[in-house]
Amino acid sequence: MNVMGIIFANDATLGALTDKRTMASLPYGGRYRLVDFHLSNMAAAGVRHVGIITRHNYQSLMNHIGSGEEWGLELQEGGLEFLTPFAMSKNDTYHGKLSALYEAISVLEFGPEDEYVITADSAIVSNIDLQKVLASHIESGKDVTVVAKPGIANGEKQLDLALKLDKNGEIADIAVDYIAPADYLASMDIFVMSKKYLRDTIREFISRNLFHMDRDLILGQWQKKAITINVYEFEGAALYNESTNEYFQNSLALIDPELRHDLFEGNHPVFTRVRDRVPSYYGEGCQVKSSILADGCILEGNVENSVLFRQVTIGKDAQVKNCVIMNDTVVGEGAQLECVILDKDVVVRPGAKLFGTLSHPLVVKRGEIV
């Protein structure tokens, strides 16, 4: 089966966490980046031509992915491409996903005409069998398949794309930017369609000043009865990292072994760039409870219900609870941290006290000294 993948790196901001990086390169789970899940999903489904569309701040993403060797994308025909449409175009204004694809439309002119395209957005992570999604799309015979998740809509969270099904499994309603009640499905921003359909639609829509995948293509064409849509309901874990608080909650949620297994081993392994480090060192007086620790850490203090990335140092008598601490950060002796996100290379002075809440974590920018 001829299939290509397109991943939107997504420049949506999570405040200080995405000031200097894309969503796709946001660290997650101690060792990983958000993009790792999408690359692993596509590689496991046999997708060997993947384009990553990004706009700004993509150097760290390129450094992380490299040639794509860890996902088996460096040697196959097609391979992995970084698509920077706004670097290649005189127009640097981002209007929507269809606009971004139009600026890099040459990627849709590569390869066989009977190819399918799977698009994904970096902010939502899952371990999904895309072969099943593709099979559902082909069997349905419809123009587009939308992957959607039950249980996300709750009458409080605003959904980019919400879908309601009738008793026959057909779409009864679609809404965008909608605070949907619990009987709606939330789009996971994974779409499947033929390459020809996507390419022809992009050209038609751009000529009519239409730029958005959700509002213009899915909702707009459905309202006009000009598109047929298949909905694939995904029952596994899907984590929506669309705000700093969601990212914080989803990071701490990995401490649950059941969720961790679903996300990292459910359908296939999740791969990331290999960085060999020495094992973590546990000092004589340290205590670690219900936490995830990567390699290379030095632990002299107490850590509870937290996620520590590589080479984090926790000083003697330091107290760390409900925190996410990224690579190469140093927490000084006697410091107290609760509900805090520390980006890379942060230094917390000895005796410092940093407190956030579970609903509003305190974020410290990369390289800060506090």
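Where is Asn209 found? I shall answer that after an overview of the protein, and I should say at the outset that we are looking at a predicted model.

Let me begin with the whole chain. The protein has 9 helices and 28 strands. Its radius of gyration is 21 Å, close to the 21 Å that the globule rule gives for 370 residues, so the protein is as compact as a globular protein of that length. Along the principal axes, the C-alpha trace spans about 65 × 45 × 35 Å.

Turning to the interior, buried residues make up 54% of the 370 residues. Of the contacts with a separation of 6 or more, 58% are between residues 24 or more positions apart. As for the surface, the protein exposes about 16,000 Å², and carbon and sulfur atoms supply 46% of that area. The protein carries 35 positive and 50 negative charges, and the mean positions of these two sets are 3 Å apart.

I now return to the opening question. Asn209 is found in the loop between helix H6, residues 195-207, and helix H7. Asn209 is exposed, with a relative accessible area of 55%. Its backbone also deserves attention. Most residues other than glycine have a negative phi. Asn209, although not a glycine, has a positive phi of about 65°.

Helix H7 itself comprises residues 213-223 and is mostly covered, with 8 of its 11 residues buried. Among the buried residues of H7 are Met213, Leu217, Ile218 and Leu219, together with Asp214 and Asp216. Just after H7, Lys225 takes a positive phi of about 60°.

Next, a sheet. Which strands form the open sheet of 5 strands, and in what order? The order is E16-E19-E22-E25-E28, and the pairing is parallel. Strand E16, residues 292-293, and strand E28, residues 362-364, are the edge strands, each pairing on one side only. At the E28 edge, strand E25, residues 340-342, pairs with E28 in the parallel sense over 3 bridges. Within this region, Leu342 stands opposite Val364 in E28.

At the other edge, the loop between strand E15, residues 287-289, and E16 contains Ser290. Ser290 is a residue other than glycine, yet its phi is positive, near 45°.

To close, I would ask you to locate two loops in the model: the one between H6 and H7, which holds Asn209, and the one between E15 and E16, where Ser290 lies. Thank you for your attention.

Technical notes:
Residues numbered from 1 in each chain as written. Predicted model: local features only at pLDDT ≥ 70, side-chain atom pairs only at ≥ 80, totals over all residues. Heavy atoms only, no water. Helix = DSSP H or I, 4+ residues; strand = E, 2+ residues; numbered from the N terminus. Rg over C-alpha atoms; globule rule 2.2 N^0.38 Å. Buried < 20%, exposed > 50% of the residue type's maximum accessible area, 1.4 Å probe, protein only. Contact = heavy atoms within 4.5 Å. Areas by Shrake-Rupley, 256 points an atom, 1.4 Å probe, with all protein chains shown as cover. Lys, Arg positive; Asp, Glu negative; His and termini not counted. Charge placed at Lys NZ, Arg CZ, Asp CG, Glu CD. Pairing = 2+ DSSP bridges.
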